[in-house]
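Student: Before I use a model like this one, I would like to learn how its global descriptors should be read. Could you take me through them one at a time?

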Amino acid sequence: MAVPILVFSVDKTRGSLLLKIIENSGFKAKLFDNSLELEYAVRRRRPPIIVFDTKHYQSRQFKIISAFHSRFQDAELILFADPAEIPSFIAAGIKKECCFSDPINPDEVTLKIREIYFIKNRAFLKIKTYFLLLCSLFEGTRDNPYIVFTKKIIMAIAMALAVVVGIAGGFIFYNMSDLPKVQLLESYVPFESSFLYASDGVELAEFYLERRKFVPFYKIPKHVKNAFIAVEDAHFYEHHGIDFFRTIAAFINNIRAGGAVQGGSTITQQLAKMLFLTPEKSLSRKIKEAAISMQIEGRYKKDEILGFYLNQAYFGARAYGIEAASQTYFGKRTEELNVTDAAMLAALPKAPTDYSPFKNPQKAFARRNLALKSMLDRGFIDAEVYAASAKEPVPEYISRKKYAAPYFVEYIRNVMEQKFGDRLYTAGLRIYTTLDLTLQKKAERAVANGAAALARAGMPGVEAALIAIDLNTGAIRAMVGGTNFQKSQFNRATQAMRQTGSVFKPIVYLTAFKNGYSADSTVDDTEVTYSSKDGGQQWTPHNYSRRFYGRVTLRTALSHSLNAATVALANAIGMDKVIATARSIGVTSNIYPHLPAAIGVSEMTLIELTYAYTTFANGRRFDPMVYEKITDRYNIKVEDNAPKGVQAIDPANVAKMRDVLNAVVTEGTSIAAQSLNRPVYGKTGTTDEYKDAWFIGFDDRLAVGVWVGRDNNRPIGDDMSGSHAALPIWINFMKED
Amino acid sequence: MSDKNEDAKAAANQKGGNNPERPKEIENFGGPIGLDIGTTNIVSARARGANIQITKQLNAFFTVPASKITGMTLLKNDVLYFSQNGSFYIIGNAADTFANTFNTDTRRPVESGLLSAKEDEALNVIQSIIKTLVPPPKNQGELVCYSIPGDPIDTKISVLHHDTILKRTLQDMGYTAIAINEGFAVIMSELADESYTGIGISMGGGMCNVCFSYLSVPVFSYSIQKGGDYVDTMVGAAVGESATRIKLIKEKELNLLKEPKNKVETSLSIYYEDLLESLILSIQRVITTSESVPRLSKPISVVLSGGTAMPAGVREKFEKLLKANRLPLQFSSVRMAEDPLNTTAKGALQLAIAEEK
């Protein structure tokens, strides 16, 4: 402060006295005894204070004082005057406390000047004081006990500070030691959903831990980025990972509010927390977060960081990342989001549940409009856009689409889980399945109709399952595991172990063919009682019709599903061979190693048997094939699942099998299938008391198995044989559209 | 503070006073000078490193008829003199020796603190004495600060003439001359530790000078034309003794703390009391009428200096009288200057140094 206090007095002694009093208080002052010089000085450099002694001043009108007071209002006037004149000065606007009369009181003057001066120059004086104190310390005033004391205090504070800084530094260093490597972001692979597609490319399902689909930062529209910047981190493009002012402001506001009401974290800090740290609230975590943030900032461009953040953030409704959120809330891709949508999404990460438009539409509306207002305030949108956007309603709940083939999806999920483990839910795989959606719909319709027909016939609660397998590839083209997936996720096509009844018989005949029999070979269909090896058990198989047909060809025996003949045949060739044949065509379930197994007392699954029939159709055995190829998140092929059929039956025996199985349709138990007007092959199956009804057959394209029964293993209903309960469903499915 | 000239003078006196000493040639080391031009003595002070060199001459003269042989004798004995109107004017300390030899009084160029109107050659005498103490300046414009009395309050006499003559004398010698009030010089010399705030009183032969200073600003200064000479004269007249003898008794034997033993001491006590009362009453009068005396929150010191303040008991008497009179100022102490005879010169030197800075 270079401008001195100006002192005016025509009395040399009084002037000098006032000057000294002021100077002695540490202020610069200049004395004038000439009013013209004083005016000139005031005009040249406005003084903070003018001390005007009216004693012996020639003009008692004091125009100069009024002039100073009106023209230089930022200068304080201190007057010395006769007590009688003071009221007139006060009336002229001079402060009462700045008017003094004789005798001059140095203490009063000093106090007043200090008061004015300190108020006017508070900051400057503080700095000056500290500077002078420092100077004194450096100059070393050993004799001054106050300075010595101050020195000691400062030394003590400095030492304490050093200790604190040391401990803090150590603490920070300690925390830094296990800092995750930010370089990991180079290979940033967020958890991403895996998707299941039908053979025609239609999405069937999404498997996820965090439902997310990665979208590169350059594909995120600018207004979407702006919305998040406006809401989450207004100075995103200016700071270097940490917004100190915002952190401090948040700290103060939180202390004032007595709790966490404002977050001070930047987008980068939030990203650091999401990617590398646990959500715990601790100083250690905060330090790490800051350190990682700065590293991230040093390594990546702002837009990249924003991209990472937008792909990582949780938006509620199990949607992780901007793409999943866009799909969830708006059914759009990120690139298609408009300003209103962007504001809504930007409003979510702070409290996804609270501000969910699905759960709290009103709160979401308010929060979204707040986001829009932030965008307006930051100049990201204009008033017109704001006004229009603010009127838009928030999105309503869109019921989640049901899987088109829930049983199949669940089946394939199990298969894939065994294959990929948890990666299935995080790796962003694209699984192209073998499912033919058209056939699947047809299958679902057929099953539904079949069950409905049974219900109409007084047999409610009957379950049914269907599976269709491509003969050339072994690929599953349709799968229905029950009548209502919502009600029961138990897949009767793949999980239900049921007695097979007569659908097992073709395996006996195939064994016979493999052992030199032909379709025209004969076998006795007579009443025979078989004893167990120890002779303890006796069993006499009967036919469904309760009649015996004597010597019959194998074709007849199978087409009419003759139990006695089949058991006789099995007995002739040996059950061990039958079982071996079963194994060779893919049957893996336990097979009762005795004759009753020949007519289907063993429990098997529909899928297992239908694959066996697939082998009957063309001699090649296939393992269940549910997908054609799998790619990763970048559409790079992970696996190409080419059909891997194994020749299990030689063509001659295939022909024999086709012969006998066709006879079932043409002359046997499945004549109804002739309605299809094309060559079809198959076999019915019925278990005791009509507990299970089967029909498994094929045409030139598909092997299709149908099972009908009750989950509690009770009878379906009277006369509900395979041909009555299962075949209609099969026919229904196999019908040309 | 040791002083070569003081020692020399003392040595001269021990020899029986018939060997008037002449100050050795003053070597000019340069630097500011403080000069106390009092009624009795003229004292110069100069800084010599950390010490102050004091040189003094009696501010007196003695005339003898001019003759060749007298002139040769004076020259031979290094007696300072000058010839004027058929007389030899013996000046300075030697004058006292001659006066004692002739059993008469010296003559003074300064009377009651101011250039004597009675002595025609007062100016020549004082200029000559000053030149024995203040050598020509090494550089033109060197600073000399000389003491002047305050305006006497009980007469209409001004110090302007006195001040101007002295200033011109010094300026003609090549100096830049600045005046200092004698009382203020006391303050400059003695009250540095009290921020030059207090009352300084120089009690000289011709007058007493009083100054009240606040933070080195002389708020008021004045003189009363009563001093040691007044006491000597009045006592001498009262008891029928010469003033010179009364002065000797006063300087050597007087103790105002003790009961007077004789009529001289009794009379000295009476006139000292009169002098001190006059002084205090004057202070009271000036303070109460001054428009500039500030209101002080802390008591201030009073410092007494000068030869007239030196007799034992003067300080105590002054303090007692001061307490007995109600003054609008509070006093913390009344004390004697450290070196009462040289205080004014030292104070003048302080101011000269300060001005030079």
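Student: What share of the contacts in chain A with a separation of 6 or more comes from residues 24 or more positions apart?

Tutor: Here one asks how far apart in sequence the contacting partners lie. In this predicted model, residues 24 or more positions apart supply 67% of the contacts in chain A that have a separation of 6 or more. The secondary structure that accompanies these contacts consists of 26 helices and 25 strands in chain A.

Student: How should I read the radius of gyration of chain A?

Tutor: The value is set against a reference for a compact globule, which for 737 residues would be near 27 Å, whereas chain A has 47 Å. The principal axes add to this picture, since the C-alpha trace of chain A spans about 155 × 60 × 40 Å along them.

Student: What percentage of chain A counts as buried, and how much area does chain A expose?

Tutor: Burial is counted by residue, and 51% of the 737 residues of chain A are buried. The exposed area is about 35200 Å², of which carbon and sulfur atoms supply 54%.

Student: How far apart are the mean positions of the charges in chain A?

Tutor: One averages the positions of each sign separately; for the 91 positive and 76 negative charges of chain A, the two means lie 4 Å apart.

Student: Where in chain B does pLDDT stay under 50?

Tutor: Confidence is read first for the chain and then by region: chain B has a mean pLDDT of 84, with 92% of its residues at 70 or more, yet pLDDT stays under 50 over residues 1-25 of chain B. Among the elements of chain B, helix H1 (residues 4-14) has the lowest mean pLDDT, 35, and strand E11 (residues 198-203) the highest, 94.

Notes. Residues are numbered from 1 along each chain as its sequence is written. Chains are lettered from A and ligands numbered from 1 in the order in which they are written. This is a predicted model: local features need pLDDT of at least 70, side-chain atom pairs count only at pLDDT 80 or more; totals for chains, interfaces and linings use all residues. Side-chain values use heavy atoms; hydrogens and water are left out. Helices (H or I, at least four residues) and strands (E, at least two) are DSSP runs, numbered from the N terminus. The radius of gyration is taken over C-alpha atoms; the globule rule is 2.2 Å times the number of residues to the power 0.38. Buried means under 20% relative accessible area, exposed over 50%, partly exposed in between (1.4 Å probe, protein chains only). Contact means heavy atoms within 4.5 Å. Accessible areas come from the Shrake-Rupley method with a 1.4 Å probe; for residues, only the protein chains shown count as cover. Lys and Arg count as positive and Asp and Glu as negative; His and the chain ends are not counted. The place of a charge is taken as NZ of Lys, CZ of Arg, CG of Asp or CD of Glu. pLDDT is the predictor's confidence in each residue, from 0 to 100.
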